[in-house]
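Good morning, everyone, and thank you for making time. Please have a look at the sequence and the model, and then I will go through the surroundings of the bound molecules and one lysine.

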Amino acid sequence: MKFTKNILCIGAGYVGGPTMAIIALKCPDYKVTVVDVNEERIGRWNSDDLPIYEPGLLNAVQAARGKNLFFSTAIPESITDADIIFVSVNTPTKTFGLGAGMASDLQHWEKTAHQIVAYSERPKIIVEKSTLPVRTAEAMERILSENIKNIHFEVISNPEFLAEGSAVKDLLEPDRVLIGSQQTESGFEAARVIAAIYAHWVPIEKIITTNLWSAELSKLVANAFLAQRISSINAISALCEKTDADISEISFAVGSDKRIGFDFINASIGFGGSCFKKDILNLVYICRSYGLNEVADYWEMVVKMNAYQQERFLRKIIKEMFNTIVGKKIVLLGFAFKANTGDTRESPGIFVAKKLLDERAALVICDPQALENARKDLAGLDDGVIYEADPYRAAAGAQAIAVITEWDVFKKLDFEKIFNVMQKPAFIFDGRNILDHRRLFEIGFNVFPLGKPSLTHF
Ligand code: NAD
Ligand code: UGA
């Protein structure tokens, strides 16, 4: 078949892989190639053992792969052939030099810009898919326009809003698709070309076009607002524990106001994931660099509150287990940063596990999808740590269970059976408020939910 356009995506990660799989599935007239420097990752995208776990993703990949969806490490040739290049490389927080711990590390992004210049022979549209600091497109345009071949590259910002664990659904039914362009004739034309991709399946009224800088900044702001709601409810959970108010009742009462709504007001041990913290710190850094210190302080508090919530959860475990956990067997039920993913980046589980190991507890880590990543996260510290996918085996001989991830399977466990194999007194610390606390108490557990009164037999 002759394809009408060649689309390339540089970066075959949590965003590049699923996004391109759905574009390929919905646009059989386009050839979609995804490239990465990581050979192992590309090898897995070409197998049925995909490098990431996402419900529905394997079916989507299998339906398009080999027809109009291709995964490859041949970066130069793929750049030469492409009409449109999505750049979806990682943009983590900088760990060195100026802005360390706050600013985005743009080295991967800049490398791709130079590669695009080196291997292009005709005009192309370059799409920022990665989350980037506002005004990055300006730097991208400068690098791209410094080419002796006089090729015109039009830069578009098309940030991605998918959440892990629901990526396929989010891509198929997005709340909106955001396309930012220069406000010039060639900018508008490039925005129309990108909009035409999504128009294959997204209703036209959901495709929003803006100027470049609004698109870049909207992505950071959306993540900041979502994280802010979680930090807000988590702050109130601490007050609930002092006053015997119940955080679930508060979430319901407050969320019932349509202006507030129920999404993202579930108290937790804190948000994890590769983006919220990184993107807010980046926003804070940008504000400070413009001298907007009050604005920076305001958003930084969202991240500080998240750290406080994780610390609070950890301290509660230690305090309630009589201030010593040396040698005590504690099960972390879940390790992924949220349910339905194997991703553990910035998971509160990492913080809790490391601190419990510092206290010399005997850890068992139990997660249906995240054990491979958990092993990597704790490498070198995990002498004696047991990784166990079966919750019943994990609980044998344990003194405490700490719920880290809100997996559905954990809600359906037979806790009577688990209680019977645990040492007594048996403790449950529910960092997600997903279990039936009254029932657990009746079985015999000492139960410590988040933001509500504890139920203890002491
Ligand atoms: P990731 O680390 O899973 O994937 C990035 C990939 O890019 C890696 O496989 C890496 O090997 C590859 N790469 C890096 N430099 C390269 C180069 N020069 N050439 C070819 N490949 C290269 O990251 P991710 O989670 O997919 O995130 C990518 C971007 O999307 C980030 O900016 C992130 O903030 C943003 N984002 C992520 C999510 C999410 O849910 N993970 C959602 C929305 C936006
Ligand atoms: C988030 C955003 O939801 C996406 O729109 C965005 O594209 C993405 O970041 C990104 O830029 O990377 P993600 O981090 O994958 O997606 O997952 P979320 O569902 O947002 O959950 C983030 C964290 O917040 C998880 O640890 C989750 O457990 C926690 N959370 C969420 C709560 O603690 N309480 C809530 O009420 C909701």
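An oxygen atom of ligand 2 lies 2.9 Å from an N or O atom in the side chain of Asn223, and this is a polar contact, by which I mean a pair of N or O atoms within 3.5 Å, where within protein one must be able to donate a hydrogen and the other to accept it, and residues adjacent in sequence count only if both atoms are side-chain atoms. The backbone takes part too, since a polar backbone atom of Glu164 is 2.8 Å from an oxygen atom of ligand 2, and a backbone N or O atom of Gly272 is 3.0 Å from an oxygen atom of ligand 2. On its own, ligand 2 has 700 Å² of accessible area, and the protein covers 90% of that, with areas taken from the Shrake-Rupley method with a 1.4 Å probe.

I should say that this is a predicted model, in which local features need pLDDT of at least 70, side-chain atom pairs count only at pLDDT 80 or more, and totals for chains, interfaces and linings use all residues. Residues are numbered from 1 along each chain as its sequence is written, chains are lettered from A and ligands numbered from 1 in the order in which they are written, and side-chain values use heavy atoms, with hydrogens and water left out.

How many residues surround ligand 2? There are 21, and the closest are Phe161, Leu162, Ser268, Phe337 and Arg432, where a residue counts as near if one of its heavy atoms lies within 4 Å.

Turning to ligand 1, we find 27 residues around it, the closest being Asp36, Arg41, Thr91, Glu164 and Lys278. The side chain of Asp36 has an N or O atom 2.6 Å from an oxygen atom of ligand 1, and the side chain of Thr91 likewise has an N or O atom 2.6 Å from an oxygen atom of ligand 1. Taken alone, ligand 1 exposes 840 Å², of which the protein buries 93%.

Finally, Lys124 is buried (under 20% relative accessible area, 1.4 Å probe, protein chains only). Lys124 has no salt bridge (a side-chain nitrogen of Lys or Arg within 4 Å of a carboxyl oxygen of Asp or Glu), and the nearest side chain of opposite charge, that of Asp83, is 6.3 Å away. What lies 2.7 Å from a polar atom of the side chain of Lys124? It is the backbone oxygen of Ala82, while the backbone oxygen of Thr80 lies 3.2 Å from a polar atom of that side chain.

How values were computed: Buried < 20%, exposed > 50% of the residue type's maximum accessible area, 1.4 Å probe, protein only. Lys, Arg positive; Asp, Glu negative; His and termini not counted.
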